[in-house]
Amino acid sequence: MSKVMWKPGTFIYPIPAVMVSCGTMEKSNIITVAWTGILNTNPAMVYISVRPTRYSYNLIKDQGEFVINLTTEQLAFATDWCGVKSGRDVDKFKEMHLTKQKANFVKCPMIEESPVSVECKVKEIKEFGSHHTFIAEVLAINADEKYIDKNGAFDISKCNLIAYANGGYYLLGKKVGKFGFSVQKKKKRRK
């Protein structure tokens, strides 16, 4: 197999397409972010990267907190719309018929329609060029109870989560393995 070389760019796909809520319950906004991810396990640390020209940038910088809301197939239109419209001009919660839900530790609203909302406290801001990265500690994870099974485990397969890849939104497919399955010992059959 031969590969074609391209210039350096952003081509590590798929990645989450999330709606980040920020501000306060009274003065809030939603920004769609694809440059996001996990940085650390203990303490739980995440990041989002935002252009300083975006309306949400100063809301997050000034408040020092935000909420990462995972997105679903049902939220795909709102996810895209909140990424191309500015909170300077429109109330995204109102226009997309999204419900503000009070968070436990931050003043930002969570998006009730999201299956998972992650409350985050900014610890550091790194300036990398076109985007500045907000490094944040996870204060709480809020999961919709309809996705929690009888054993208390969150069943992410029922959420219909979407991801972003090369300019498009994609529905995540079926599970093809689990962590460690490649080295898992086979169970002995009883006779």
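Which residue just after H1 takes a positive phi? In this predicted model, that residue is Gly64, with a phi of about 75 degrees.

Helix H1 itself is a good place to start looking at the packing. Its buried residues are Ser56, Tyr57, Leu59 and Ile60. These buried residues pack against quite a list of strands, namely S2, S3, S5, S6, S9 and S10.

That brings us to the largest nonpolar core, which holds 20 residues. Within this core, Val20, Ile48, Ile60, Phe66, Ile68, Cys120 and Phe134 touch the most other members. At least two residues of the core come from each of the following elements: strands S2 (18–23), S3 (28–33), S5 (45–50), S6 (65–69), S9 (116–127) and S10 (132–143), along with helix H1 (55–63). S9 gives the largest share, with four residues. As a general backdrop, nonpolar side chains in soluble globular proteins tend to be buried together.

Val20 gives a feel for the surroundings inside this core. Setting aside neighbours within four places in sequence, Val20 is in contact with Ile30, Ile31 and Val33, and also with Asn29. Its other partners on the same terms are Ile48, Ile60, Phe66, Val67, Ile68 and Asn69. Apart from this core lies another one, made of ten residues, including Met19, Leu75, Ala78 and Phe93.

Back on strand S9, Ile125 is worth a look. Ile125 has a relative accessible area of 30%, so it counts as partly exposed, given that buried would require under 20%. Beyond its neighbours within four places in sequence, Ile125 is in contact with Tyr57 and Lys61, plus His132, Thr133 and Phe134. Of these partners, Tyr57 is among the buried residues of H1, and Phe134 is one of the core members that touch the most others. Lys150 sits 25 residues away from Ile125 in sequence, and their C-alpha atoms are 40 Å apart in space.

Then there is a sheet of three strands. The sheet is open, runs in the order S1-S11-S12, and has antiparallel pairing. Strand S1 (15–16) and strand S12 (168–171) stand at the edges with a single partner strand each, so each has one side without a neighbour in the sheet. In general, strands of a sheet pair through backbone hydrogen bonds, either parallel or antiparallel. Here, S1 and strand S11 (residues 162–165) run antiparallel and are joined by two bridges. Across this pairing, Ile15 stands opposite Tyr164 in S11.

How values were computed:
Residues numbered from 1 in each chain as written. Predicted model: local features only at pLDDT ≥ 70, side-chain atom pairs only at ≥ 80, totals over all residues. Heavy atoms only, no water. Core = buried A, V, L, I, M, F, W, Y, C linked by side-chain atoms within 4.5 Å. Buried < 20%, exposed > 50% of the residue type's maximum accessible area, 1.4 Å probe, protein only. Contact = heavy atoms within 4.5 Å. Pairing = 2+ DSSP bridges.
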